[in-house]
Amino acid sequence: MKKGILKLFLVLALVAGISVPSSIQAEAATPTIKVHFIDVGQGDAIYIKAPSGEDILIDAGNKGKGKIVVNYLKKLKVKDIEVMVASHPDADNIGGLPEVMNSIKVKSLYAPNSTNTTAAYKDFVNTAKKKKLSIKTAKAGVKLPIKGVNAQFVGPVKTYGKTDRNNWSAVLHLTYKKNTFLLTGDAQTKAETDMIKAKKTLRADVLKVSTQGSKTATSKAFVNVVKPKYAIISVGKNGYGHPTSQTVTTLTKAKAKVYRTDRNKTIVVTGNGANYTIGKSIISKS
């Protein structure tokens, strides 16, 4: 029974004085974690609604895509963002974040301490300064203050070269009861290997696939450790051949069900602490 129908049933039962089984009451009241993989074309934007109500945003696609993210969040009646994460300096990840910061109040901000400063990253930093937001370092071991959820960065575990932007990616592992998510940014095979060697918690049912499904990430060794049941590829029309057949094959051989935003549009994964439902968003992105 859907949650909205359950709530209506409970109200009507209360009015009629009908006794409702405790199992049905528990199902109606069960808090959920919702992870929205927003369709921003060739790039990443992830919105998380925590069970206790906190709003978390990771990336917002390229410059200009921030408007799509803002409109999407406003339709969900998001009034502020408790945690914003810039996964790494690439424009297709953080280019839209200044637009979000200029439209919705952000309470805390995290980004890896990358030595690379792109034009998009400079715009992000300057906007944060204007909003008087300090940027906290996203690195392995740092926990996010989300009630009822273990939200911890498992990467980056080390420093990388100045031009090695992708491996600097802030990789976030989320656990809500028995629900597990791994959000990888654009971490490449080197960063994957480093996380495995560092024995970070990588096992997750839901994997956000790195770099739009590029062959330079999502290695067989990494997938064998994560063991995902579901793999989400945030990708748009591109000339890179993303997602590559190599990556898709690696995932399907691991028995992961693959979803793509270029085909499925915005994808919403809902976890009730035990099980998952996966579907398209009913919110228009425009």
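**Exercise 1. Find which residues threonine 218 is in contact with, leaving aside its neighbours within four places in sequence.**

Solution. Take contact as heavy atoms within 4.5 Å. Threonine 218 then touches Glu192, Val209, Ser210, Val223, Thr247, Thr250 and Leu251. Next, place the residue: threonine 218 belongs to the loop between strand S13 (206-208) and helix H8 (220-226). Helices (H or I, at least four residues) and strands (E, at least two) are DSSP runs, numbered from the N terminus. Last, check burial, where buried means under 20% relative accessible area, exposed over 50% and partly exposed in between (1.4 Å probe, protein chains only). With 4% relative accessibility, threonine 218 counts as buried.

A word on the ground rules: this is a predicted model, where local features need pLDDT of at least 70 and side-chain atom pairs count only at pLDDT 80 or more, while totals for chains, interfaces and linings use all residues. Residues are numbered from 1 along each chain as its sequence is written, and side-chain values use heavy atoms, with hydrogens and water left out.

**Exercise 2. Work out whether the span of helix H6 (residues 119-130) agrees with 1.5 Å a residue, then sort its faces.**

Solution. The expected span is 1.5 Å times one less than the number of residues. For the 12 residues of H6 that gives 16 Å, and the end C-alpha atoms sit 17 Å apart, which agrees. Now list the buried residues: Ala120, Tyr121, Phe124, Val125, Thr127 and Ala128. Seen down the axis, they fall within an arc of 165 degrees, so they line one face of the helix; the arc is that of the directions from the helix axis to the C-beta atoms. On the face turned away from this buried side you'll find the exposed residues Ala119, Lys129 and Lys130. Cover for the buried residues includes helix H4 (91-94), helix H5 (97-101), strand S7 (109-111) and strand S8 (135-137). Just past H6, lysine 132 has a positive phi of about 55 degrees.

**Exercise 3. Give the strand order of the open sheet of eight strands and say which strands stand at the edges.**

Solution. Strands pair if DSSP finds at least two bridges between them. The order reads S8-S7-S5-S3-S2-S1-S16-S17, with mixed pairing. S8 and strand S17 (276-280) stand at the edges with a single partner strand each, so one side of each has no neighbour in the sheet. Zooming in, strand S3 (residues 55-58) and strand S5 (residues 83-85) pair in the parallel sense over three bridges, and isoleucine 58 is opposite valine 85 in S5.
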